[in-house]
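Hi,

Here is the model I promised to send over. Have a look at it first, and my notes follow underneath.

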Amino acid sequence: CWVAFGRSCPHAGLDLMGGDVEDLGSGPVVACPAHTFLFDATTGQCLWDASRPNPPQTSSMLTFEVSEHRGSIWVRPRDLAPMCKPEDWDQDKADALQLDMVDR
């Protein structure tokens, strides 16, 4: 599975290449090196930030659709993922994901 994303964290502007990228069971997750805010590496949606107990208020990170064509890798920007709706938010699940990332 290929993923491609912009290097700038939407929260603090830090270089995400200094963070971690891990597959925590439901796809790759990017952790910002500054505050361990979490982003879905495929959609860019913020999965955890310090907005507890509300859904993340951090914008989505820039992600790219990735494909291989005749031995070359092609990327195309995706639309920014929408922010999570309050009725879809599960704080316990988000906290567990964040703790799992920190423990790696």
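**Cysteines**

Cys-32 is buried, because its relative accessibility comes to just 2% (buried means under 20% relative accessible area, exposed over 50%, partly exposed in between, with a 1.4 Å probe and protein chains only). Before I go on, the ground rules: this is a predicted model, where local features need pLDDT of at least 70, side-chain atom pairs count only at pLDDT 80 or more, and totals for chains, interfaces and linings use all residues. Residues are numbered from 1 along each chain as its sequence is written, and side-chain values use heavy atoms, with hydrogens and water left out.

Back to the sulfurs. How many disulfides does the structure hold? Zero, taking a disulfide as a pair of cysteine sulfur atoms within 2.5 Å. For Cys-32, the closest cysteine sulfur is that of Cys-9 at 3.6 Å, which is too far for a bond. Cys-46 also has Cys-9 as the closest, but at 7.9 Å, so again too far for a bond. Cys-46 counts as buried because its relative accessibility is 4%.

**The four-stranded sheet**

A word on naming: helices (H or I, at least four residues) and strands (E, at least two) are DSSP runs, numbered from the N terminus. Two strands pair if DSSP finds at least two bridges between them.

One open sheet has four strands in the order β2-β3-β4-β5, with antiparallel pairing. Its edge strands are β2 and β5, each pairing on one side only. On average, neighbouring strands here are turned by 35° against each other, direction ignored. Helix α1 (residues 91-102) packs on this sheet and touches β2, β3, β4 and β5; contact means heavy atoms within 4.5 Å. The direction of α1 makes about 85° with that of β5 (axes are lines fitted to C-alpha atoms, for helices over the stretch in contact, and angles run from 0 to 180 degrees between N-to-C directions).

Within the sheet, β2 (residues 20-23) and β3 (residues 28-31) are joined by four bridges in the antiparallel sense. Glu-22 has Val-29 as its bridge partner in β3, and Asp-23 has Pro-28. Four residues lie between the strands of this hairpin, where Gly-25 takes a positive phi near 115°.

**The aromatic pair**

Which residues make up the one aromatic pair that a search of the whole structure finds? Phe-37 and Trp-48, edge-to-face, at 6.1 Å centre to centre and 80° between the planes. The pair links distant parts of the chain, 11 residues apart: Phe-37 is in the loop between β3 and β4 (38-40), and Trp-48 is in strand β5 (residues 46-48). Both Phe-37 and Trp-48 are buried. For the cut-offs, rings of Phe, Tyr and Trp (its six-membered ring) pair if their centres lie within 6.5 Å; planes under 30 degrees apart count as stacked, over 60 as edge-to-face and the rest as tilted.

**The three-stranded sheet**

The other open sheet has the order β1-β6-β7, also antiparallel. β1 (4-5) and β7 (72-77) stand at its edges with a single partner strand each, so one side of each is left without a neighbour in the sheet. β1 and β6 are joined by two bridges and run antiparallel: Ala-4 partners Phe-64, and Phe-5 partners Thr-63. β6 and β7 pair over six bridges, and Phe-64 has Pro-77 as its bridge partner in β7. These two strands form a hairpin with two residues between them, and Arg-70 in the turn has a positive phi of about 55°.

**Thr-63 and Asp-40**

Thr-63 lies in β6 (residues 63-69) and counts as buried because its relative accessibility is 1%. Leaving aside neighbours within four places in sequence, Thr-63 is in contact with several residues, including Ala-4, Asp-40, Thr-42 and Arg-76. A polar atom of the Thr-63 side chain lies 3.2 Å from the backbone oxygen of Thr-42.

Asp-40 sits in strand β4, and the Asp-40 side chain reaches the backbone nitrogen of Thr-42 at 2.7 Å. For both, a polar contact is a pair of N or O atoms within 3.5 Å; within protein, one must be able to donate a hydrogen and the other to accept it, and residues adjacent in sequence count only if both atoms are side-chain atoms. With the same neighbours left aside, Asp-40 is in contact with Pro-28, Gln-45, Leu-47, Met-61 and Thr-63. The C-alpha atoms of Asp-40 and Gly-27 are separated by 7.6 Å, although these residues are 13 apart along the chain.

Cheers
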